[in-house]
Every structure is written in structure tokens, then in C-alpha cells.
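Subject: Structure handover

Hi,

Here is the structure I said I would pass on. Have a look at it first, and then read my notes underneath.

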Amino acid sequence: MANRATREVVPASSRVAIIGGGISGLASAKQMAAYDPVVFEATPSIGGVWKHCVYRTTRLQTPRPDYEFSDYSWPNRDDPTFPTHTEIVDYLEGYADEFDLWRYIAFGSKVVDIKYLGGPQAGFTELWSGTGKAPLQGRPMWEVGVATGGVVQYYKFEFIVMCAGKYGDVPRMPVFPAGKGPEVFKGQVMHSLDYCKLSEEESVELMRGKKVVVVGYKKSAIDLANECAQANQGEGGQACTMLVRTLHWVVPSYSIWGLPFFIFFSTRFSQLIYERPNQGFFRFLLCLLFSPLRTAVSKFIESYLSWKLPLGKYGLTPDHPFVEDYASCQMAILPDGFFDMADRGLVRFQRASGGWSFCEDGVVLADGTKVEADLVFLATGFEGKDKLRAVLPDPFRSLVVNKSSMMPLYRGTIHPLIPNMAFVGYVESVSNLHTSELRCRWLSGLLEGRFELPSVKAMTAHVEDEVEAMRRTTRFYRRHCISTYSIHDSDGMCADLGAATRRKANWIAELFAPYNNKDYQEDQ
């Protein structure tokens, strides 16, 4: 095993701080090793959500070859099964071993406060950080308060990379009118974040023989309902009811009518038909021309899902096109045997599009329908942006999201109005690992002075155009997902770095072969 000696001493003043030891934090540390970065990780281990916010049956939704660093392959990358959360943590630890990243990490170091040292003008300048380039100028710009063992100490840095993540830590809790919240319910209410902390024995004991309601219908809710059904097999078992407010398309595997899924969305040719930011008039006309083809692709996929899965039987067919879920990174891969559990009566579905509230014996829907429950799980997501607001100082705290409730990040990394700080891991795609790794490489190029940023005004316009492109593609655009234009997004970062944007060996592969992380190895 590699030497896993971690950072024991944090200098009073350093060049780069990285907040978070998940995928984005590790990728940042590797790319910025030249600056001897300090990685503050609040917990005793790396892995982020894959270590601290998963269920016992949680698996990756992406095949191994599509979820690996460009310079570090899975040892068993030909294994067709989706990796378990344990395998993912092992893979990340292997990555940290390979590139000796442990020496940068200070475990048990929770960032609780950040102060700006740059003066009253803050980030409100014509160019980002005053110059729009090479932000490491030899003087501290931020002071970071870190709680370790109950004591808070402050350290100064020239640059901060925020990799605290969108998931975990801060649960999103539904708000109810007085007298209709969990206080009137005589059973137990638990957010999925707290469920993640239970052992297998504790989780089975909690759910066995109880009437359980799971609020939600995204991946975490589906996995939780599946675990509930597994715990309630056999004598004395009770059905688990999923409370579904918004329907989304679910997928059994990455094969549609025998065709590999990548041909629909992951090749340069397939992405030609979708909206992209700053596309110009010709591209706009092209997208208009291809509108019937986009509809046909979505209908083709929907026809397979409706045939393969009992969506109509259970009233689970969404009323929006499949592409809207894919374009917003809300497509969920079903766990094996999920609808078998439903067919056996162990999972039920209750639509709650009009809303719901608690009552003494369970939950009640807007139409008056009551669902009895002993235990209610809230798989309602997380407030990742609140983690940022909690530590950022004014006036930056109020700038975290824009009027569209999204983080306005140029290249998915730089906030035009927050100087000497970057945000990695806040943009989604089919492979968040690839999205983060390439952004870290781009950010390293910025710190090295390999390119200059546009003006604050130009970056803001670019971000707004990206929002509009997503808005034209999906009603769920606020998730900031780049899945339908991910290759174009990567092209922009490669161009900034002076690297090739066409990464394949020939034009046939360039158009029709899927892009993945191996196409972005640094020697290309």
C-alpha cells in the first residue's frame, strides 16, 4: 500500500486552499500539486458523498469506462456491472495513492468561515479579480476559519477552490402550514441523509414490518423504496408507498431496442441536434431544422421504456419528453428487480402532484386521500448552495445564485463577481467525474497564466446564454446540466488551454464514436 501520510501542519499563509475531499477535491489537488495545496476535509476520509451519503445498495449509474479519470483506469474496467459505492471509494483511494495526494489533505478540518482580504472594491471590477488572468499575485486574498477538535484557527490563502459538493450535509426539508407538519404525526420522520448513517442491520430493523412512505421519485427515493421492499419480504412484511409529486423517466439499462445508449446523446453527431450556449444564428437554424429529429429520438426511447417497464400499469408515465429528463440529469437507472417488487405488492405508488401534508396516522394528499404510515422517509434532496452561503462573507453570499436560481459559473467554474475563487463540482453531466476533472485542468491553466478570462460583462452574458439554452431544452433547466452539449462544453475548455478540440483519430470516429475521459488525456 502507498504511503498515506496526511498533512499534519497547515502553514499560516499558503497559495491554494481546496475545500472538500471528494472527487472534485482530489482532481483539484492533483492538477494544482505545484502549489502544495491544502485540502480541508471535514470528515476522517476521502470520497465525499460516495463515502458519507449512500445507502448499502447504492451503485453508480454510469458504466466504469465512462466514470474514470483520464490518467487512472479502473483495475476491472471491463466489468459490465455498475460499481458499488464501496468500489468507488476504493477507486478514489487508489487515485490518491497513484498521485500521492494524501500529503495535501488535512482530515477532520471543517471550514466554518471565510473572510475576504481584498478590500472594499471586492469583485466588482471590469475584469475578474481585477486582471482577468493569473490570479496568484503573491498576496493573500482570503482568510479561512477551520474548526479542528473544537478549536477554530484561521489561515490565509491567495486562491480558494470550493469543492464542498451539491449533495449531503444540508437536507432539503419540506415546509408545511402550522398543524400540518411532522409535529402532528405520531410515527417517525427521517430524511434520507440520516438513513445513510445507519448500518445494514439498523436499516433493516427500522423498516421491517412497518408501513413506510418514501417521499420522492428520483434515484435516491427509488433506491430507498427498493431497500424497504427487500427488508419487508416474508411473513409480516408491509408495503412501501412512494409519494410521487413529479414523474421522471426511469431506465432499466443503457440499451434501447438493442442499440447502445451512447448513440443518442454521447457522440458529436448526436449532439448536433441539441441547443448549446452561444451557438450563433446558423446553429439556431440547424436546431430548428432538427427539431423533428429530436422529437423522434425522444419518442423512440420512450416507446422502448413504455414497452419494457410497467409505467402505464402504475400510472408512472411522465407527460414530458424523455430528453427533458436527460438534459437535466434526472434520468434514473432502476435497481435490479425494482418493478418485480412492485408486482409482488411490496412497493406502491401514490401520485401527490397537488401536494401533501402530515396527519396523525400518516400523510394526507391535497385531494383528501390518506396514506397510513409508521415511518416517513424524506428523499427530498439537499441544499448544496446553502453550504456555500453559510461560509462565504457578504457581499458574495448573496451572489451564489442568480435570478434563475442557478450558480452563474463561467466554464462551470468561475463566478464573474467572486475574485480569486473557483467552484468545482456544481455542474452536472452524465459523468460528473469527467466534468470535474476537465474543469480542474482548465483551472490549473488559468492559475498558470496560459489564457486570460473575458471581461466580467462577457462572462455574465455567456452564463446567461447558457441558461437560455438549457431553458429551451428542458423545463428542469435549473439543475445546470450539460448532458446534451457536453462535447461542446469540453471543446471550449480545450480551446482556452490551446489543446486540440477534435480528439479522435479520424473524422468517422470524431462524428460517431462516443466521447469519454480517455479522449482528454493530457498528452493529446
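Let me start with the cavities. By class, the largest one is lined by five nonpolar, two polar and one charged residues. One thing to keep in mind throughout is that this is a predicted model, so please read everything here as computed from that prediction.

**Cavities**

Searching the whole structure for cavities of 30 Å³ or more turned up two. The largest has a volume of about 40 Å³. If you want to find it on screen, pick out Glu275, Ala327, Ala469, Met470, Thr473, Cys481, Thr484 and Tyr485, which form its lining.

The second largest cavity also comes out at about 40 Å³. Around it you'll see His434, Thr435, Leu438, Arg439, Ile482, Ser486, Asp489, Ser490 and Met493. Two helices, α14 (432–448) and α16 (486–497), each bring at least two residues to that lining. Its make-up is three nonpolar, four polar and two charged residues.

**A pocket**

Helix α16 turns up again in the second largest pocket, where it gives two or more residues to the lining, as do α6 (219–231) and α7 (262–265). The top contributor there is α6, with four residues. This pocket holds about 920 Å³ of space. Its lining runs to 37 residues, and the ones nearest the centre are Pro63, Asp66, Phe82, Tyr254 and Val430. Sorted by class, that gives 18 nonpolar, 14 polar and five charged residues.

**Salt bridges**

There are 35 salt bridges in the structure. I picked out three to show you.

The first pairs Asp71 with Lys30, whose closest N and O atoms are 2.5 Å apart. This one joins distant parts of the chain: Asp71 is in the loop between α2 (49–52) and α3 (85–98), while Lys30 belongs to helix α1 (residues 23–31), and 41 residues separate the two. Are these two partners buried or exposed? Asp71 has 30% relative accessibility, so it counts as partly exposed. Lys30 is at 17%, so it counts as buried. The pair also belongs to a wider group, since Lys30, Asp71, Arg441 and Glu522 are linked in a network of salt bridges.

Next come Glu87 and Arg64, whose side chains meet in a salt bridge at 3.4 Å, N to O. Here too the pair ties together distant parts of the chain, with Glu87 in helix α3 and Arg64 in the loop between α2 and α3, 23 residues apart. Glu87 is partly exposed, with a relative accessible area of 24%. Arg64 has a relative accessibility of 1%, so it counts as buried.

The third pairs Lys197 with Asp194, and their closest N and O atoms lie 3.7 Å apart. Lys197 is exposed, with a relative accessible area of 61%. Asp194 is partly exposed, at 36%.

**A serine in α4**

While you are in that stretch of chain, take a look at Ser192, which sits in helix α4 (residues 192–195). Which residues does Ser192 touch, if we leave out those up to four places away in sequence? They are Tyr55, Leu378, Ala379 and Phe382. With a relative accessibility of 2%, Ser192 counts as buried.

**Nonpolar cores**

Last, the cores. The largest nonpolar core has 58 residues, and those with the most contacts inside it are Tyr217, Met242, Phe322, Phe339, Phe349 and Phe377. Helix α6, which you met at the pocket, gives the most to this core, with seven residues. For a closer view, try Phe349: leaving out residues up to four places away in sequence, it touches Tyr217, Met242, Tyr314, Leu316, Phe338, Phe339 and Ala342. There is also a second, separate core of 53 residues, and Ala27, Tyr91, Ala422 and Phe451 are among them.

That's what I have for now. Shout if anything is unclear.

Cheers

Methods:
Residues numbered from 1 in each chain as written. Predicted model: local features only at pLDDT ≥ 70, side-chain atom pairs only at ≥ 80, totals over all residues. Heavy atoms only, no water. 1 Å grid on protein atoms, 1.4 Å probe; cavity = no way out; pocket = protein on both sides within 12 Å on 5 of 7 lines; lining within 4 Å. Points joined across faces, edges and corners; volume = space filled by probe spheres on them. Nonpolar A, V, L, I, M, F, W, Y, C, P; charged D, E, K, R; others polar. Salt bridge = Lys/Arg side-chain N within 4 Å of Asp/Glu carboxyl O. Buried < 20%, exposed > 50% of the residue type's maximum accessible area, 1.4 Å probe, protein only. Contact = heavy atoms within 4.5 Å. Core = buried A, V, L, I, M, F, W, Y, C linked by side-chain atoms within 4.5 Å.
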